[in-house]
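Colleague: I am new to this structure and would like a close look at one part of it. Please take the pairings between side chains, and start with the cysteines.

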Amino acid sequence: MTLPDLDDLIAEVDRRCDTAHRPGGQEQPDWLALLTVAAQLAGQLQALADDLVEDYVEHCRMHGSSWTDIGGALGVSRQAVQQRFHAPHKRYGPETMTEGLRQAMVHVKQAAVHHRNNYIGTEHLLWGLTAEDNTATRLLRAAEIAPETVHRSVGDRLSMGASQAAERIAWTPYSRKAIALAEARSGERGAERIDCDDLLVGLAGVGRGVAADILTEAGFDPAATATNA
């Protein structure tokens, strides 16, 4: 993957900021409008970079690295890295999930292990949710979207890694956000456990990641279907 250089980013700001260019091209562009868009783009890039580092910090902690070692790898002190990353992530055990979602999670883990991936991404979650009939596939059908088509689309996006299968595989930041959104939705419905349709809506609600892209391409609108199950 080729990273964008400064010229690429400047061109992207110029493309996004339609209001900055006055008709006729006789005057200077609206530099403050361009600056606003540049700051928004920089913020998005920084958030993406933070998610990337957080994901690997999570892996290091899961596999026994000390905060001192992690701080050394990042070029900061142990205290600094603890302050930034020490907040524990909520764990979602089987007792928080319906039987349907627990079964889907079996497919999720199988997809990650089969593809030698050392993480659970949104693509693995969507693969598991569409592997067999459950409330997520029914919600897709209610939205006139074939779950089988979504499942094939995910399969095309799953990539083979080089990791050995691990007993504990860390969830990516987007996956953790999706399950948190799913928990909130189940709570709004008055349910005691998170179900497959909750996680499907959560994946779409994240707005970023492989699963969100696939669901958007399929025409799934969480705002229109969140109350249906």
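Modeller: The count of disulfides comes to zero. This is a predicted model, and that count rests on a rule of distance: two cysteine sulfur atoms have to lie within 2.5 Å of each other. Two of the cysteines can be placed by their accessibility. C17 has a relative accessible area of 2%, so C17 is buried. C60 has a relative accessible area of 31% and is therefore partly exposed.

Charged side chains give another result, with 11 salt bridges in the structure. One of them joins R84 to D50, with 3.0 Å from N to O. This pair links distant parts of the chain, since R84 belongs to helix 4 (residues 78-85) and D50 to helix 2 (residues 31-62), and the two are 34 residues apart. R84 is partly exposed, at 48% relative accessible area. D50 is partly exposed as well, with a value of 28%.

Helix 2 also takes part in another of these pairs. R176 forms a salt bridge with E54, and the closest N and O atoms are 3.0 Å apart. Here too distant parts of the chain are linked: R176 lies in helix 9, E54 lies in helix 2, and 122 residues separate them in sequence. The relative accessible area of R176 is 13%, which means that R176 is buried, the limit being under 20%. E54, at 21%, is partly exposed.

A further salt bridge is made by the side chains of D133 and R138, at 3.2 Å from N to O. R138 is partly exposed, with a relative accessible area of 45%. Both residues belong to a network of salt bridges that also takes in R141 and E148.

To return to helix 9, which spans residues 173-188, L181 is found there. L181 has 34% relative accessibility and so counts as partly exposed. Leaving aside residues up to four places away in sequence, L181 touches G202, G205 and V206. The C-alpha atom of L181 is separated by 33 Å from that of D18, a residue 163 places away along the chain.

In brief, the part you asked about holds zero disulfides and 11 salt bridges. Among the salt bridges, R84 with D50 ties helix 4 to helix 2, and R176 with E54 ties helix 9 to helix 2.

Technical notes:
Residues numbered from 1 in each chain as written. Predicted model: local features only at pLDDT ≥ 70, side-chain atom pairs only at ≥ 80, totals over all residues. Heavy atoms only, no water. Helix = DSSP H or I, 4+ residues; strand = E, 2+ residues; numbered from the N terminus. Buried < 20%, exposed > 50% of the residue type's maximum accessible area, 1.4 Å probe, protein only. Contact = heavy atoms within 4.5 Å. Salt bridge = Lys/Arg side-chain N within 4 Å of Asp/Glu carboxyl O.
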